[in-house]
Amino acid sequence: MPNHDYTTRIQWTGNRGEGTVHYQAYDRTWDIAVPGKAVVHCSNDPLLGGDPSKMNPEDLLLSALSACHMLWYLHYASDAGIVVTSYSDAPLGLGEVSRGGAGRFVKATLRPHVGVKPGTDLAVARAIHHRIHEVCFIARSVNFPVDHAPTFQVVD
């Protein structure tokens, strides 16, 4: 199998003029700049003094996990003759922080809401979710369990 190369550029934007002269002297902000794509402005988790209006690393990881699942779901649904008319997800990541301050995700639950055409075999539509973790690049790369709790809506 061929390898895939990915690249990105992270640029710290939080220097208020003194750099890291002390812990309160700088912002925990940065930009993500992938060549040819829109810049994403990021910050630390608000619990750690970050800007709540900006994406943080935990948001980005959970979003990537959800998006990867969605893309594989749409692919497998198409192959199975399942017509998906809408798809949204509100994933929930559970994190823990140790006494020393180190954090990690303990688990994530994807909660996709899938709109399908009338006559859809919902058992088949539901079963597709169980196959995705075998192939999803992101889910296969994380070291915590990823569950899913899909709901379906039949839409004319």
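I will talk about a sheet with its two helices, and then about some aromatic rings in this structure. Please keep in mind throughout that what we are looking at is a predicted model.

Let me begin with the sheet, which is open and has 3 strands in the order β4-β7-β9, with mixed pairing. The edges are taken by β4, residues 84–89, and β9, residues 151–154, and because each of these has a single partner strand, one side of each is left without a neighbour in the sheet. From one strand to the next, the twist averages 15°. If we look at β7, residues 112–116, we find that this strand pairs with β9 in the parallel sense over 4 bridges, and within that pairing His113 has Thr151 of β9 as its bridge partner.

Turning to the helices, α1, which covers residues 57–80, lies across β4, β7 and β9 and runs at about 165° to β4. Helix α2, residues 122–131, also packs on the sheet, where it touches β4, β7 and β9, and its direction makes about 145° with that of β9.

Now to the rings, of which the structure holds 6 aromatic pairs. One of them joins Tyr23 and Tyr26 edge-to-face, with 6.2 Å centre to centre and 80° between the planes. Tyr23 is exposed, at a relative accessible area of 54%, whereas Tyr26 counts as buried, at 17% relative accessibility. Together with Trp12, Tyr23 and Tyr26 form one aromatic cluster.

Finally, there are charges over rings to point out: Arg28 lies over the face of Tyr23, at 4.1 Å from the ring centre, and the charged end of Arg131 sits over the ring of Tyr76, 3.8 Å from its centre.

Terms used: Residues are numbered from 1 along each chain as its sequence is written. This is a predicted model: local features need pLDDT of at least 70, side-chain atom pairs count only at pLDDT 80 or more; totals for chains, interfaces and linings use all residues. Side-chain values use heavy atoms; hydrogens and water are left out. Rings of Phe, Tyr and Trp (its six-membered ring) pair if their centres lie within 6.5 Å; planes under 30 degrees apart count as stacked, over 60 as edge-to-face and the rest as tilted. Buried means under 20% relative accessible area, exposed over 50%, partly exposed in between (1.4 Å probe, protein chains only). A charge sits over a ring if NZ of Lys or CZ of Arg is within 6 Å of the ring centre and within 35 degrees of the ring normal. Two strands pair if DSSP finds at least two bridges between them. Helices (H or I, at least four residues) and strands (E, at least two) are DSSP runs, numbered from the N terminus. Axes are lines fitted to C-alpha atoms, for helices over the stretch in contact, and angles run from 0 to 180 degrees between N-to-C directions. Contact means heavy atoms within 4.5 Å.
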